[in-house]
Amino acid sequence: MFVFNDIKNLQQHLLTFNNDKSIGFVPTMGALHQGHLSLIKKAQEKSDIVVVSIFVNPTQFDKPEDLVKYPRTLENDLKLLESVNCNVVFAPTAKEIYGDKITSKSFTFDGLEHQMEGKFRDGHFDGVGTIVKRLFEIVKPTNAYFGEKDFQQLQIIKKMVENHSIPINIVGCEIFREEDGLAMSSRNTRLTDEHRLAAPFIYKTIKKARKKFKKNAPEKVISWVKKKFKKHPLLKLEYFEIADEKTLKTIKKKDDDKRYRAFIAVFAGEIRLIDNIKL
Ligand code: AMP
């Protein structure tokens, strides 16, 4: 496994492969878990070389303390990547990516950026767009893999490659969960024992909401979920929305030919958890 911190050496290495070799790319912020590894596995099925980036991108954090406290476990990450036969790791510094000016560019994603996470995390998707576009330009992959765990992000990246005519195939990957249903996330390691025990309530509730959605209007399902969380002593609901998968706009009534998903953001103490489910 080759590990690079600088762009020049990474690109030189990638140049040594023939043009006919496909590159699968998995961008991450590190603190790797089985969810990340499932993306790598999927990348290995379709690509000759798999490149994983590890970079905690400062411009996508809306709260400075969240950036400071974000788990960083590079040594362990490298061991994990080696164990799954990852070919190339790119772990740059912020200076290597941004130079002296750590700022994001401004993006429009045809309105996708104003829904859900966009409402609650100021500037988040400008940060995501900036780093993913930059990494795409550096790595120039054939395929890039993103988790449905961050479904809005996945749709936004698809929109970005479409709007900017970037010749990369974006592949969405299913949400990988703990045995108790909690969606795997690097942030889970920051949960207190008490909040960790409580957190599976999120997936349990959205699974019940999916069942209710079959026979009830969206509004009814939403107020049921809100009520459930109001009664919960440890988890605080930030939003629960039922939206069209394509536009991410919330819906008032169901249409047979559209696909819907429920999206949720919850605070477990100071840790913010997100999840979603196909309806
Ligand atoms: P992160 O390191 O959290 O930025 O995540 C890097 C990539 O892994 C993103 O495309 C995430 O959507 C994806 N990912 C994170 N957690 C999961 C999970 N539990 N299941 C599937 N994909 C995930």
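Trainee: Where does Lys140 lie in this predicted model?
Mentor: Two elements flank Lys140, namely helix 7 (124-139) and strand 5 (143-147). In this predicted model, the residue lies in the loop between helix 7 and strand 5.

Trainee: Is Lys140 buried or exposed?
Mentor: The backbone of Lys140 has a positive phi of about 50°, although the residue is not a glycine. Exposed means over 50% relative accessible area. The relative accessible area of Lys140 is 56%, so the residue is exposed.

Trainee: Which loop holds Met116?
Mentor: Met116 is not a glycine, yet it has a positive phi of about 30°. Its loop runs between helix 5 (94-98) and helix 6 (117-120).

Trainee: Is Met116 buried or exposed?
Mentor: The cut-off for buried is under 20% relative accessible area. Met116 has a relative accessible area of 0%, so it is buried.

Trainee: Which helix gives the largest share of the positive patch?
Mentor: The patch is formed by Lys204, Lys207, Lys208, Arg210, Lys211, Lys212, Lys214 and Lys220. Seven residues come from one element, spanning residues 201-215. The largest share therefore comes from helix 10.

Trainee: Is Lys212 buried, exposed or partly exposed?
Mentor: Lys212 has its place in helix 10 and is one of the residues that form the positive patch. Buried means under 20% and exposed over 50%, with partly exposed in between. The relative accessibility of Lys212 is 31%, so it counts as partly exposed.

Methods
Residues numbered from 1 in each chain as written. Predicted model: local features only at pLDDT ≥ 70, side-chain atom pairs only at ≥ 80, totals over all residues. Heavy atoms only, no water. Patch = residues over 30% accessible without salt bridge, like charges linked within 9 Å, V, L, I, M, F, W, Y side chains within 5 Å. Areas by Shrake-Rupley, 256 points an atom, 1.4 Å probe, with all protein chains shown as cover. Salt bridge = Lys/Arg side-chain N within 4 Å of Asp/Glu carboxyl O. Lys, Arg positive; Asp, Glu negative; His and termini not counted. Charge placed at Lys NZ, Arg CZ, Asp CG, Glu CD. Helix = DSSP H or I, 4+ residues; strand = E, 2+ residues; numbered from the N terminus. Buried < 20%, exposed > 50% of the residue type's maximum accessible area, 1.4 Å probe, protein only.
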